[in-house]
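Q: Could you take a close look at one part of this structure and walk me through it slowly, as you would for someone in a first year of study? I would like a connected account rather than a list.

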Amino acid sequence: MFKKSFLVLSVIASTLSAFAAEIAAPKVAAIKPPEKELVIYSARKEELIKPLLDQFTAKTGIPVKMLSDDAPKLLARIESEGAQSPADVLITVDVANLTIAKDKGLFTKLNSKTLNKNVPALYRDKDGEWFGLSKRIRAVFYNKEKVKPEELSTYEDLANEKWKGSIVARSSSHPYNQSLFAHLIKVHGEEKATTWAKGFVSNLARPPQGGDSDQLRAVASGEAKLAISNSYYFGKMLTSELPEDKLVAQKVGIFFPNQKSAKGELNGVHVNISGGAVLKASKNAKNAQKLLEFLSSAEAQDLYASLNKEFPVLTTAKSDSVLASWGPFKEDKTLLGAWAPHSKQATLISDKVGWK
Ligand code: FE
C-alpha cells in the first residue's frame, strides 16, 4: 500500500516539475503548423501523376489532393467555381488545353527562376502562365515485316498515294491528331494542309477507331502497315508485363519523321507537351509554384521518363534506357503557342475532308 502511494506521488511530482520547467523555459523550436493541402485538378491518368505527387509530399511535407477528369470538364469547372475554386494547380496534357485556359484568364503569371531555367523557352508560355513538364512525340510506327524504315520520310509523305489503304490513326477530333494537324496548317497554310488531309484520309486502312495503342495493335496484326501514335504508348508496351503487349511492340518499329525534310515542311518531329499552371483562384499560390518547380526538377523529370516513357523537358535529365534505344532525333522548333490556335481550323478541315 505504502509502495503504491509513493509511486503515485512521485509520478505526480515528476509531471509537475516537467510542467514547471516547460513554463519557465521558452520553447526552443516551435512546432511548425501543418502545411495547407494543395488541390490539383488533373487531366492526366492518375497512375501517371500520383507517384510524382507522392514524392513531392514526402519531400516537402505539403499534402496534395487530386481531382481527376478530362481537360474540358476541368476547365469548365474552374470557370464556374470562379474565385471560390478550391483548386491551386491545373495539370493537363496538350498545349491546346493550356492555351485555351490561359485565354480564359484562369492562370497566374509566375516569375520562377527555377521554372525558367528547367523548362526551355520553346516549351513554356511566353508570359509565364503555363509550363511544359514532359514532351510527347507523335511518331510513325511501321510493321517490321511489311515496311522498311528507308521507305518512310515525313508526315507530309503519309498523304502519298503509295500508302493507299495502309495507314491507321485515331479520330481527328482527338487533341493529339488535332494538334499535329494544327501544326501542319501553321507550317503549310490552309490550302496545302487541306490537300494533305484529303490524301491522308484516302490512305486510311479503316475508319478511325480506338486509341493510340489500338493503332499499334492494328500494325502488329498486319491490318495496316503504318500508324501514327505518341511514342510513350510504344514505350509502355515494350516494358509491359503483358505478353500480348510485348508481342505487339516487337512487331512494330518506331520512326521519327521529318528528320531530312524539304524546305517548307515540318523541320523535325511534332512535339506536344503535358504541362501545368497555377490557377488565379489559388489561395496557396506559393506552394502551388513549389509543386511545378518540383515537377521540373531532375528528380521528377527522371520519373516522367522512367515511369511514363515520356521525354523530359529538362535537358540534363537522366536518359531512360528505352527512350535512349530509339536514338536521337530532331524536333520541329515552331513555337507551340503558334500552332495551337489552329486547332479549331484543324477540326473544320478534318470534317470537310471526311477524317472522322
Ligand atoms: Fe495519351
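A: What follows is a close look at helix α8 and its surroundings, and then at the iron site that shares a residue with one of its partners.

Please keep in mind from the start that this is a predicted model, and that the values below are computed from it.

Helix α8 covers residues 212-221, and a good way to begin is to ask how much of the helix is covered. It is mostly so, since 7 of its 10 residues are buried. The buried residues of α8 are Asp 212, Ser 213, Gln 215, Leu 216, Ala 218, Val 219 and Ala 220. To see how such a label is assigned, take Ser 213, which lies in α8: the cut-off for buried is under 20% relative accessible area, and Ser 213, with a relative accessible area of 18%, is therefore buried. Just beyond the helix comes Gly 222, whose phi is positive, near 90 degrees.

We can now turn to the helices that pack against α8. Two packed helices are described by the angle between their axes and the distance between the axes, and those two quantities will guide us through each pair.

The partner to consider at the outset is helix α9, residues 231-238, whose axis comes within 9 Å of the axis of α8 and crosses it at roughly 65 degrees. Angles of 65 to 115 degrees count as roughly perpendicular, and α8 and α9 are therefore roughly perpendicular to each other. Their crossing is right-handed. On the α8 side the residues that meet the partner are Asp 212, Ser 213, Leu 216 and Arg 217, while α9 contributes Tyr 233, Phe 234 and Met 237. Sorted by character, the residues of this contact divide into 4 nonpolar, 1 polar and 2 charged. Ser 213 can be followed individually here, as it touches Tyr 233 and Met 237 when residues up to four places away in sequence are not counted.

The other partner is helix α10, residues 243-251, which packs with α8 at an angle of about 65 degrees, with the axes 8 Å apart. α8 and α10 are therefore also roughly perpendicular to each other, but the crossing of α8 and α10 is left-handed, whereas the crossing of α8 and α9 is right-handed. Here Leu 216, Arg 217 and Ala 220 of α8 meet Asp 245, Val 248 and Lys 251 of α10, and the residues of this contact divide into 3 nonpolar, no polar and 3 charged. Leu 216 and Arg 217 thus appear in the contacts of α8 with both α9 and α10.

The two partners also pack against each other, for the axes of α9 and α10 come within 7 Å and cross at roughly 125 degrees. α9 and α10 are therefore oblique to each other, and their crossing is left-handed. The contact joins Phe 234, Met 237 and Leu 238 of α9 to Asp 245, Lys 246, Val 248 and Ala 249 of α10, and its residues divide into 5 nonpolar, no polar and 2 charged.

From α9 we can move on to the iron ion, because Tyr 233, which lies in α9, is paired there with Tyr 176 of another helix. The protein donors of the iron ion are the OH atoms of Tyr 176, Tyr 232 and Tyr 233, lying 2.0 to 2.2 Å from it, and along the chain these donors follow the spacing Y-x55-Y-Y. Tyr 176 lies in helix α6, residues 175-188, so the pair of Tyr 176 and Tyr 233 ties together parts that are 57 residues apart in sequence. Both of these tyrosines fall under the cut-off used above: Tyr 176 is buried, with a relative accessible area of 10%, and Tyr 233 counts as buried at 15% relative accessibility.

A last residue links several of these places. Arg 138 lies in strand β4, residues 131-143, and counts as buried at 1% relative accessibility. Leaving aside neighbours within four places in sequence, Arg 138 is in contact with a list of residues that includes Tyr 176, a donor of the iron ion, and Asp 212, a residue of α8. Asn 177 is also among the contacts of Arg 138; these two residues are 39 residues apart in sequence and 8.7 Å apart in space, C-alpha to C-alpha.

Methods:
Residues numbered from 1 in each chain as written. Predicted model: local features only at pLDDT ≥ 70, side-chain atom pairs only at ≥ 80, totals over all residues. Heavy atoms only, no water. Axes fitted to C-alpha atoms, helices over the stretch in contact; angles between N-to-C directions. Helix = DSSP H or I, 4+ residues; strand = E, 2+ residues; numbered from the N terminus. Parallel < 35°, antiparallel > 145°, perpendicular 65-115°, else oblique. Left-handed = near helix turned anticlockwise from the far one by under 90°. Contact = heavy atoms within 4.5 Å. Nonpolar A, V, L, I, M, F, W, Y, C, P; charged D, E, K, R; others polar. Donors = N, O, S within 2.8 Å, 3.2 Å for Na, K, Ca; no water. Buried < 20%, exposed > 50% of the residue type's maximum accessible area, 1.4 Å probe, protein only.
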